[in-house]
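Student: I've got the sequence and the structure open side by side. Could you walk me through the fold and a few of its residues?

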Amino acid sequence: MKIKDLLEGVEIIDRKNEDENLEISGVYYNSKLVKPGGLFVAIEGLLTDGHKYIDDAIKNGAIALVVTKDVDVDIPVYKTENNRKSLAIISGNLYDHPSEKMTIIGITASNGKTSTSMMLKSILDHAGIESGLIGTVMYKIRDKEIPSKLTTPESLELQGLFQEIYEAGMDTTVMEVSSISQEMCRVYGVDFDIVCMNNITREHIDQHGTFEAYFDQKKKLITEAKEDAFVILNLEDDHAKSLINETKGNIISFSDKDESADIYAKDIDISSGFGKYKLVITREIKTKKAVMKPGEYDISLKVAGYHSVVNSISAIAMAIAYGIDIDDIIAGIENYRGIERRFQLIYDDEFMIVDDHFANMGNISMTLQTLSLMNYKKAHMLYAIRGNRGVTVNGENVDTIIKWSDRVKFDNFIATKSVEIVDDHDIVSAEEEDIFKRKMDEAGIEYELMDNLHESIDAVLNKAEEGDLVLLAGCQGMDFGAKIALENISARYPEKDKDKLFEVLKDRVAGV
């Protein structure tokens with residue numbers, strides 16, 4: 001491809017050794033991957049600066065550069081103000097803008113992006129609409145599953161995935177859109193047709209500096225939506241609700257209780273852990289493909305947790321925006337069986353064991369709200385403190401647990417640092433341990449703190465009796481918790497069918 005075609009739309013502020021007819025064989029931002037005839041885009045990243053590796057890129061075969069700093073080389077050099085934006089434009093040009101040829105659905109949230117995207121894909125599948133999936137757990141193209149390293153991949157890989165999905169004969173892609181991807185321009189130029197914001201909490205403030213900076217990035221998916229796009233907003237989240245007048249798109253509002261929403265749920269029953277509710281569509285919704293009439297419909301979910309109710313309403317709203325028939329929507333949402341570590345019921349016999357990633361304030365509130373609505377005798381908590389997330393996040397997490405302590409009374413509360421499980425990136429610091437202990441002590445909540453995950457799981461399961469509930473709560477430090485707990489159950493009850501017991505972990509990614 002000629003370099004002039006690759007650079008179309010890029011704002012170039014300086015050019016040296018220009019050759020607009022130069023043929024480029026590939027585009028790279030990692031100098032180690034450059035092949036002869038390639039264009040190297042020097043990116044300033046969080047950990048390093050691509051400009052330091054220009055000589056390596058040239059040695060590996062780069063014949064042109066896109067930079068943001070002055071460099072002295074003999075090959076064509078194009079200087080821009082923002083190379084992340086430039087890379088996104090170049091990537092779109094390289095793959096001939098595949099997002100413009102498909103229906104692209106973007107979902108952003110602090111909590112529930114993955115579950116919502118999976119629910120929506122289940123609806124699309126049931127309706128016979130083949131779609132690709134790009135998200136936190138995996139990138140999925142037909143039967144091909146690629147474990148994801150980033151929720152939203154770098155723009156070059158993202159455009160390549162779009163092209164692969166399109167060439168596989170699918171005209172729809174469901175994708176999670178992270179705040180970091182917005183700040184890093186990974187989705188710049190992507191032609192979104194349906195966008196959704198479920199909620200905003202303080203999950204990534206350390207990465208963005210302030211909550212305001214985090215929200216500024218998060219809301220771009222909504223505020224930059226095109227006029228004919230559908231914008232799905234949760235009226236129960238004040239930040240999502242605040243964007244109603246800041247978008248040009250066609251709004252469909254949803255709620256788990258607000259009757260003024262376009263779509264809401266009433267008569268929610270979570271007593272068994274699995275949500276049942278009546279879906280209410282309050283107005284006629286016209287889309288390019290169909291018209292959805294007002295009505296009421298019974299929904300019975302096969303996944304546990306109050307958050308699953310909220311996520312399902314969001315997925316249903318997007319499916320309506322897509323133009324899917326209500327019968328297919330209901331069948332698709334009721335066929336969905338959930339994803340790992342999102343209020344996942346991993347054992348339900350003598351007592352229940354729920355495995356939840358318990359990541360931040362919003363997720364913790366949803367999880368504990370669900371427990372407050374369920375029927376069980378006693379509740380036992382095993383909480384893995386979040387390592388390497390800072391005092392702010394850990395302090396807020398404990399505050400949320402304390403806030404719910406009057407409604408969810410844990411007969412036993414055990415915390416663990418999971419020292420034998422976590423890697424160097426997730427070790428609990430002395431400050432993180434201290435903020436947990438200090439806040440729990442001030443609140444007068446009794447707890448036991450253990451170093452090892454294995455011994456803490458053994459301790460909490462030994463306390464569980466008939467009809468009780470055990471919550472395995474925490475992110476990286478609890479990833480192996482389900483496996484360890486089921487091994488404990490298997491040893492305790494050797495007569496149980498081991499294959500059936502471990503079936504729940506069959507396709508698991510974390511902690512296996």
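## Walking through the model

Tutor: Sure, and keep in mind that this is a predicted model. Let's start with one loop residue: N17 has a relative accessible area of 41%, so it counts as partly exposed.

Student: Where is N17 found?

Tutor: Look just past the strand that covers 12-16, which is β1. The following strand, β2, covers 26-28. N17 sits in the loop between β1 and β2.

Student: What is the phi of N17 near?

Tutor: Most residues other than glycine have a negative phi. N17 isn't a glycine, yet its phi is positive. The value is near 55 degrees.

Student: D267 has a positive phi as well. Is D267 buried or exposed?

Tutor: D267 lies in strand β14, residues 263-269, and its phi is near 55 degrees. Its relative accessible area is 58%, and the exposed class begins over 50%, so D267 is exposed.

Student: Which strands are the edge strands of the open sheet?

Tutor: Eleven strands make up this sheet, with mixed pairing, and the order is β9-β8-β7-β10-β6-β11-β12-β13-β14-β15-β18. An edge strand pairs on one side only. That gives β9 (144-147) and β18 (295-304).

Student: By how many degrees are neighbouring strands of this sheet turned against each other on average?

Tutor: Direction is ignored for this one. On average, the turn between neighbouring strands is 20 degrees.

Student: In β11, which residue is the bridge partner of G106?

Tutor: β6 covers residues 103-108, and β6 pairs with β11 in the parallel sense over four bridges. β11 covers residues 194-197. The partner of G106 there is V195.

Student: And which residue in β12 does I194 stand opposite?

Tutor: β11 and β12 (residues 230-234) run parallel and are joined by four bridges. Opposite I194 in β12 you'll find F230.

Student: Which residues of β11 are buried on each of its two faces?

Tutor: Both faces of this strand are covered. C196, for one, has 0% relative accessibility, so it counts as buried. The full set is I194 and C196 on one side, with V195 and M197 on the other.

Student: How many disulfides does the count come to?

Tutor: C185 is buried at a relative accessible area of 11%, and C196 is buried too. A disulfide would need a pair of cysteine sulfur atoms within 2.5 Å. By that rule, the count is zero.

Student: Which helix gives the most to the largest nonpolar core?

Tutor: In soluble globular proteins, nonpolar side chains tend to be buried together. The largest nonpolar core here has 47 residues, and I232, I263, Y277 and I329 have the most contacts inside it. Twelve of its residues come from one helix, spanning 306-322: α11.

Student: How many residues are in the second, separate core?

Tutor: Its members include I134, V177, V195 and L233. The total for this second core is 29 residues.

Student: Last one: which side chain makes a polar contact with the side chain of T68?

Tutor: T68 is in the loop between β4 (62-67) and β5 (77-80), and at 16% relative accessibility it counts as buried. Beyond its neighbours within four places in sequence, T68 is in contact with residues including H51, K79 and N82. The polar contact, at 3.1 Å, is with the side chain of E44.

Key: Residues are numbered from 1 along each chain as its sequence is written. This is a predicted model: local features need pLDDT of at least 70, side-chain atom pairs count only at pLDDT 80 or more; totals for chains, interfaces and linings use all residues. Side-chain values use heavy atoms; hydrogens and water are left out. Buried means under 20% relative accessible area, exposed over 50%, partly exposed in between (1.4 Å probe, protein chains only). Two strands pair if DSSP finds at least two bridges between them. Axes are lines fitted to C-alpha atoms, for helices over the stretch in contact, and angles run from 0 to 180 degrees between N-to-C directions. A polar contact is a pair of N or O atoms within 3.5 Å; within protein, one must be able to donate a hydrogen and the other to accept it, and residues adjacent in sequence count only if both atoms are side-chain atoms. Contact means heavy atoms within 4.5 Å. A nonpolar core is a set of buried Ala, Val, Leu, Ile, Met, Phe, Trp, Tyr and Cys residues joined through side-chain atoms within 4.5 Å.
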